[in-house]
Amino acid sequence: MAAPWWHGKVAYQIYPKSFCDSNGDGMGDLPGVRSKLDYLKELGVDLLWLSPVYVSPMVDQGYDIADYRQIDPRFGTMEDMEALIRESKKRGMALIMDLVVNHCSDQHPWFQAALRDPEGRYGRYFYFKEGVAGGPPNNWRSAFGGSCWEPVPGRNNLYYFHTFAKEQPDLNWEHPELRREICDMVNWWLDKGISGFRVDAIINIKKDLSWRSGPPDSPDGTCSVFQMLPKTREIGAFLGELKETCLTPHGAFTVGEVFDITRDRLPEFGGAEGYFSTLFDFEHCLVNQTGVHWYQHQPVRFGPWREAVFRAQEEAQRGGVYPANLIENHDQPRGASYFIPAEDYGFHSVTALATLSLLLRGIPFLYQGQELGMCNYPFASPEEFDDLSTREQYARALAGGRTPEQALAVCAQYSRDNARTPMQWTGGAAAGFTTGTPWLPVNPNYPTVNAEAEQADPNSVLAYYKKLIALRKDPALAPVLAEGAFAPAYREEKSVFAYRRIAPEASCLVLCNYAAAPCELAFAQPVGRVLLNNYPELAQEPGSLHLKPYQAVVLEQRGPGVRT
């Protein structure tokens with residue numbers, strides 16, 4: 001069977017508000033994105049994921065959509081969007097958009113009509129429930145804190161449901177007319193020429209319709225809404241309809257943001273017959289989460305992180321899923337700060353992390369600025385946080401007994417705002433992102449960490465990323481790096497992160513000493529051809545290799561019967 005068209009591709013997420021500002025208003029826009037297409041093509045990108053640019057009040061940075069068929073004037077016009085689609089295709093790049101259909105904005109005409117008449121046509125597009133004992137219908141806590149239930153203005157004891165912010169009412173997928181509206185909109189965008197969607201928070205569309213309260217997991221007696229999502233197969237009716245009505249007829253690429261499914265259900269969601277083309281693997285991003293609040297989390301430890309990656313790769317492979325691999329995205333802190341100790345941050349650690357991620361089995365997703373080594377912002381005050389969830393976590397940390405200094409430190413480490421600071425294009429004013437005042441402050445390291453400086457430096461992080469992507473896309477290596485199997489290697493070594501990509505006639509060994517101290521590694525087999533190395537040389541002697549701190553090498557072995 002021929003591989004899908006998107007196998008072997010490299011994807012890149014653009015967060016438009018922070019990517020490039022063309023008109024000096026301090027916010028990125030679609031013409032700004034279009035102006036950087038040649039940069040992305042030179043990097044080696046094939047697939048662009050554009051975070052929301054729909055009309056929105058921006059309560060949750062565009063993930064609260066008030067009109068699915070219009071471009072927000074902050075970002076430009078529909079003509080700008082159509083030009084971006086055309087210009088991307090001219091460069092051989094496919095464009096995908098965010099599909100946010102678990103919820104919409106409270107400013108959407110559907111919801112405004114529903115508030116006026118909860119029992120009417122549009123009231124059935126949402127969830128309205130009577131309160132219990134003078135309070136909300138249950139004890140579910142929203143993703144951004146507080147009850148999942150908001151009182152309906154002017155109606156006694158009537159509430160509407162929201163998984164996220166109160167300005168983001170959940171859509172009622174149980175209602176056929178709502179599903180038809182969504183499918184019409186999806187087909188409308190695909191007919192415009194986009195190639196697919198990143199599907200946001202899609203596992204949340206199926207609710208527990210008993211609406212029973214859950215066991216409290218917080219001192220205030222509330223229960224996380226995510227603990228109450230039903231782990232049933234009933235969601236398949238919704239997703240199967242979306243696939244059959246919209247996605248399959250257009251040959252669309254889709255990547256699902258799917259949490260909280262058991263590993264045996266991976267093929268159902270992302271296999272050859274799954275609802276989506278692929279699924280993001282977030283398991284390695286969750287290994288430090290020892291509680292429901294950020295102040296309860298622990299620093300990432302090497303062993304559990306490595307095992308999480310290995311486990312996810314092995315389970316996806318067994319299930320026939322070609323996973324979407326990432327280091328960071330708009331909902332995560334910067335990977336260079338999350339997976340690398342602050343004292344170890346530098347060229348070798350950043351390129352080691354890149355090597356380990358981009359050569360895994362699956363399709364790699366880069367996030368804007370990752371290719372430059374952009375890292376977390378040094379937040380000095382809670383007033384600097386823009387993100388709703390970060391503000392909530394700061395309050396939770398204080399309520400949990402942390403000092404203001406401790407609460408600030410933990411939120412600075414995990415805030416989504418870290419990934420949303422402006423893209424660092426130059427060493428000039430505002431990092432070349434805007435001629436105005438940027439909507440979020442620029443990371444102060446922009447004079448050295450920026451695209452202009454790194455393009456001029458053959459030994460920069462950006463230059464290494466270009467080599468790495470070129471290696472992954474080398475036609476001669478495609479049977480191994482695009483389609484080859486995955487197998488962990490040197491699993492018993494305490495600081496070594498290594499794996500093989502294996503094809504019938506060849507294999508590659510991705511080998512990294514992920515530590516600040518050098519290590520000696522027993523290595524009795526022939527080294528083979530060195531395809532990539534983030535140091536100038538590879539020290540070896542009979543029977544062993546000597547790896548420098550954060551040294552990452554890619555070794556090729558060819559011939560029938562290559563050992564795994």
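**Salt bridges and a covered helix**

In this predicted model, K207 and D170 are both buried. Their side chains don't just sit out of view, though: they meet in a salt bridge, with N and O 2.5 Å apart. K207 belongs to the loop between β10 (196-199) and β11 (223-224), while D170 belongs to the loop between β9 (158-161) and α5 (176-192), so this pair ties together parts that are 37 residues apart in sequence. As a bit of background, side chains of opposite charge can pair when their charged atoms come close. Across the structure, there are 37 salt bridges, and a couple of others are worth a look.

Take E283, which forms a salt bridge with R263; here the closest N and O atoms are 3.6 Å apart. E283 is found in the loop between β13 (278-279) and α8 (302-318), and R263 in the loop between β12 (253-256) and α7 (266-270), so parts that are 20 residues apart in sequence get tied together by the pair. What about burial for these two? E283 has 17% relative accessibility, so it counts as buried, since the cut-off is under 20%. R263, on the other hand, has a relative accessible area of 32%, which makes it partly exposed.

Next up are R416 and D331, whose side chains meet in a salt bridge at 2.7 Å, N to O. This pair links distant parts of the chain, 85 residues apart: R416 sits in the loop between α12 (404-414) and α13 (417-420), and D331 in the loop between β14 (324-326) and α9 (335-338). R416 is buried, with a relative accessible area of 10%, whereas D331, at 22% relative accessibility, counts as partly exposed. These two aren't on their own, either: a network of salt bridges links D60, D331, D387, R416 and R420.

Now for a helix. α15 runs over residues 461-472, which gives it 12 residues. From its first C-alpha to its last it reaches 16 Å, close to the 16 Å expected at 1.5 Å a residue. How much of α15 is covered? Most of the helix is, with 9 of its 12 residues buried. The buried residues of α15 are V461, L462, A463, Y464, Y465, L468, I469, L471 and R472. Following that list along the chain, the buried set includes the run from V461 through L462, A463 and Y464 to Y465, and R472 is on it as well.

Terms used:
Residues numbered from 1 in each chain as written. Predicted model: local features only at pLDDT ≥ 70, side-chain atom pairs only at ≥ 80, totals over all residues. Heavy atoms only, no water. Helix = DSSP H or I, 4+ residues; strand = E, 2+ residues; numbered from the N terminus. Expected span 1.5 Å × (residues − 1). Buried < 20%, exposed > 50% of the residue type's maximum accessible area, 1.4 Å probe, protein only. Salt bridge = Lys/Arg side-chain N within 4 Å of Asp/Glu carboxyl O.
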